[in-house]
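Me: I have a model open and want to learn how to read it. Where should I begin?

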Amino acid sequence: MSHPISRRNFVSSSLSATAAANSVRADAATQASTEANTPPNILWIMTDQQRYDCVGANGNSLIQTPNLDRLATESANFSHAYVQSPVCTPSRACFFTGRYAHAHRCRVNYTVLDRREVLLPQRLRDAGYDTRLVGKLHLAYQYPAVPESAQQMGFNHVELHDGSRHTDDWSDYVKWRNKNDPRAAVYYRKTIGDKARPGQNPYAAIIDDEFTDTTWTGERTRAHLREATAQRKPFFLFSSYWKPHAPFEVPAPFDSLHNADDMPLPAAVDMDNIESLPLPLQKLILRGNRRPFEMNRQQLLWAWRSYYASITHIDREVGRTLDLLDELGQRDNTIVVFCSDHGDQMLEHGLMGKNVFFDESIRVPLMIRAPGKIKPRRSQELVESIDVMPTLFNLCGVDAPEHIQGRDLTPLLTGDGDFASRDAVFSENIIPEVITIPGYQFNPARGIAGIRHPDAKMVRTRKWKYNYYPDGYEELYDLETDPKETRNLSAVKKGVAIELRGRILDWLLTASESEQIAEHWLVPWKA
């Protein structure tokens, strides 16, 4: 049964643990000071499919994220962080390799990563870190991606939950719920649906809050945090939530959090709007003969309400985890990263989900906190997701591999040393996406769904965004005058399009040159 909750009381209760944590912080600091010479811990919190604009501190006055807002004020909070591929598996591979998708070559969901790619957790483990995973990884050297696969990628301790029916057989969350939830026979994504009363959220979850994968991820993260702290060695803890990824089920009391809110919805589009887009985007949106842009507006409103509520649910768990970090005396010696693997269109431009280069899909929240090292600030710098790995390595004193393609943000974060600002960021994806719908598998002779070369590329500068599709399609948006990306100027600003196409070519030619012109080719020739 859904229980209404007061917004003011909810926010107050979400922060109630903070006051208690502050009371023990002084004592905890004494313990932490004895460990001041040890390498810093890393707590990396990742959500799945959370847009940049869905955090209160990022300008959203409707969403309730008091704990993330608190973290933002204590962190370097980036307003222009972009992922290098707007889909789960390739994007996560970029984060964990520090390399572009065309370099690590993991381009499609549920495809394996080349075993020669050594990931961030493995490199940290080799440096003496205790490495732990709770929740969604969505990466593997082999499938099925069982927990043992995550251990092969560098995690000492694993509790895995990739969050979909075809991965549930090896989900640690599902195994736990089957043993503990009296209603375990009910699928954990099931909602009340058409049984909703007037004014009731049809996405209200059937199962209770305590048995959801969001709450499980938070609780198991805190269990691992306690265990890792007791080991008295530096730890890397990757806490990875499935939500707010669709479907939009959300438990009480969060399901009713926005019942009275009339949220601003994306502009309605019709088939004429869809047909004005490049053909690869049309094929993506209409795949499987679906027409998502025709979703009932009331249903869309409930989807948005539930999307926001899922983020507030995560926010509660993040707050509890950060409070425990303080209580354990690890605040001052722990780097905290918060980000998402990509965003969600939420029917912007007629599409649900991601896979495209609109900002709703590729621009994500990114916060990095390190007390005493990183100066809290809001940064307008253009940064890429591949920058996180070399930055963490520098902060932790771990050598970064030479073939890494991201930039170390440490000079920017600490104010020490020179930092060369980016004037552009890049992204790439297979559009339309390779999926199991007939006609949407890649064929070397025919491509995907009639798109011969579906490998699309994007460059985004301060003013322009240019998307290139090899079959002759392109998009060009003036982000200063058209931030919602509604007017494709590629036909009228041909000079700009040609210049930015050249930027993409230069990027593809130079991004991997350090591993193609390797040192062993440069030794003097001896007769």
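Reply: Start with burial. This is a predicted model. A residue counts as buried under 20% relative accessible area. Of the 527 residues here, 59% fall in that class.

Me: What is the accessible surface of the protein, and what share belongs to carbon and sulfur atoms?

Reply: The accessible surface is about 21500 Å². Carbon and sulfur atoms hold 51% of that surface.

Me: How do I judge overall shape? Why does the radius of gyration agree with a compact globule?

Reply: Compare the value with the one expected for the chain length. For 527 residues, a compact globule would have a radius of gyration near 24 Å. The protein has 23 Å, so the two agree. Along its principal axes, the C-alpha trace spans about 80 × 60 × 45 Å.

Me: How many helices and strands are there?

Reply: The protein has 17 helices and 12 strands. Next, look at sequence separation in the contacts. Take contacts between residues at least 6 apart in sequence: 73% of them join residues at least 24 apart.

Me: Now the interior. How many cavities of 30 Å³ or more are there?

Reply: A cavity is a space where a probe fits but cannot get out. The count here is 4 cavities of 30 Å³ or more. The largest has a volume of about 70 Å³.

Me: Which residues line the largest cavity?

Reply: Its lining consists of Y188, T212, D213, T214, K243, E249, V250, P251, S310 and H313. Helices α9 (213-231) and α12 (297-327) each supply at least two of the lining residues.

Me: What is the lining by class?

Reply: The lining of the largest cavity is mixed: 3 nonpolar, 4 polar and 3 charged residues.

Definitions and conventions
Residues are numbered from 1 along each chain as its sequence is written. This is a predicted model: local features need pLDDT of at least 70, side-chain atom pairs count only at pLDDT 80 or more; totals for chains, interfaces and linings use all residues. Side-chain values use heavy atoms; hydrogens and water are left out. On a 1 Å grid over the protein atoms alone, a cavity is a set of points where a 1.4 Å probe fits but cannot get out, and a pocket is an open set with protein on both sides within 12 Å along at least five of seven lines; lining residues have an atom within 4 Å of a point. Grid points are joined across faces, edges and corners, and a volume is the space filled by probe spheres set on the points. Helices (H or I, at least four residues) and strands (E, at least two) are DSSP runs, numbered from the N terminus. Ala, Val, Leu, Ile, Met, Phe, Trp, Tyr, Cys and Pro count as nonpolar, Asp, Glu, Lys and Arg as charged, and the others, Gly among them, as polar. The radius of gyration is taken over C-alpha atoms; the globule rule is 2.2 Å times the number of residues to the power 0.38. Buried means under 20% relative accessible area, exposed over 50%, partly exposed in between (1.4 Å probe, protein chains only). Contact means heavy atoms within 4.5 Å. Accessible areas come from the Shrake-Rupley method with a 1.4 Å probe; for residues, only the protein chains shown count as cover.
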